[in-house]
Amino acid sequence: MVEEAVKSYRVSYERDELGWWVASVRGVRGCHTQGRTVDEARRRIREALELFVDDARKAPLVDANLRKKADEEDRRAARAARRAVRVLRTGKLKMSARDAARLLGLSHQRVHQLTQEEGTR
């Protein structure tokens, strides 16, 4: 039995001026839709793709820009947390890890980790 390769499709999501999520399949001209939530747009883009290609039901849809944006925001948040820990624990303040943790809403273990990460940079 020979398995047929199923093409994956990259989907980009953007917010429009009214706050709706607009989903577009890259490389499939005219294949786009919208939804009030990302999940709704994701469901609808598969339905739209079915109008353009035969393998739409089985084809993997790859979230092109949402994952990238989430990763970027995660890195930005991690940098901000490291900076906040550095400011609170060094210089004039010299807060304990527990005090800094309470102030930042983190565990004192996480503050220790961030302090060590900052020291290795």
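Two strands pair if DSSP finds at least two bridges between them. Helices (H or I, at least four residues) and strands (E, at least two) are DSSP runs, numbered from the N terminus. With those terms in hand, let's start the tour. The model is predicted, so local features need pLDDT of at least 70 and side-chain atom pairs count only at pLDDT 80 or more, while totals for chains, interfaces and linings use all residues. Residues are numbered from 1 along each chain as its sequence is written, and side-chain values use heavy atoms, with hydrogens and water left out.

**Stop 1: the sheet**

Show the cartoon and pick out the strands. There are 4 of them in an open sheet, ordered β3-β2-β1-β4, with mixed pairing. At the edges sit β3 (32–35) and β4 (61–63), each of which pairs on one side only. On average, neighbouring strands of this sheet are turned by 30 degrees against each other, direction ignored; axes here are lines fitted to C-alpha atoms, for helices over the stretch in contact, and angles run from 0 to 180 degrees between N-to-C directions.

**Stop 2: strand by strand**

Select β1, residues 9–15. On one side, β1 and β4 pair in the parallel sense over 3 bridges; click Y9 to find its bridge partner L61 in β4. On the other side, β1 runs antiparallel to β2, joined by 5 bridges, and Y13 has A23 in β2 as its bridge partner.

Now follow the chain from β1 into β2. The two form a hairpin with 5 residues between them, and G19 in the turn has a positive phi of about 95 degrees.

Continue from β2 to β3. These strands are antiparallel and share 4 bridges, with S24 facing H32 in β3 as its bridge partner. They too make a hairpin, this one with 6 residues between the strands, and G27 in the turn has a positive phi of about 85 degrees.

Before leaving β2, show its side chains. Which residues of β2 are on the covered face, and which on the uncovered one? W21, A23 and V25 make up the covered face, whereas V22 and S24 are on the uncovered one.

**Stop 3: the helices on the sheet**

Add helix α1, residues 38–50. Helix α1 lies across β1, β2 (21–25), β3 and β4, and runs at about 155 degrees to β3. Next add helix α2 (residues 64–89), which packs on the sheet and touches β1, β2 and β4 (contact means heavy atoms within 4.5 Å). The direction of α2 makes about 65 degrees with that of β1.

**Stop 4: salt bridges**

A salt bridge is a side-chain nitrogen of Lys or Arg within 4 Å of a carboxyl oxygen of Asp or Glu. By this rule the count is 7. For exposure, buried means under 20% relative accessible area, exposed over 50%, and partly exposed in between (1.4 Å probe, protein chains only).

Select K69 and E14, whose side chains meet in a salt bridge at 3.5 Å, N to O. K69 belongs to helix α2 and E14 to strand β1, so this pair ties together parts that are 55 residues apart in sequence. K69 is partly exposed at 39% relative accessibility, and E14 is partly exposed at 41%.

Move to R42 and D63, where the closest N and O atoms of the salt bridge are 2.5 Å apart. This pair links distant parts of the chain, with R42 in helix α1 and D63 in strand β4, 21 residues apart. R42 is partly exposed at 28% relative accessible area, as is D63 at 23%.

Then try R76 and E73, a salt bridge with its closest N and O atoms 2.4 Å apart. Both residues lie in helix α2, 3 residues apart, about one turn of the helix. To see salt bridges that share partners, select D39, R42 and D63, which are joined into one network.

**Stop 5: two loops**

Go to K94, in the loop between α2 and α3. K94 has a positive phi of about 45 degrees although it is not a glycine, and it is exposed, with a relative accessible area of 60%.

Finish at L106, in the loop between α3 (97–104) and α4 (108–119). L106 is partly exposed at 33% relative accessible area. Select L103 and L104 with L106 to show a nonpolar surface patch with about 240 Å² of accessible area together. Patches are made of residues with over 30% relative accessible area and no salt bridge: like charges are joined within 9 Å, nonpolar side chains (Val, Leu, Ile, Met, Phe, Trp, Tyr) within 5 Å. Accessible areas come from the Shrake-Rupley method with a 1.4 Å probe; for residues, only the protein chains shown count as cover.
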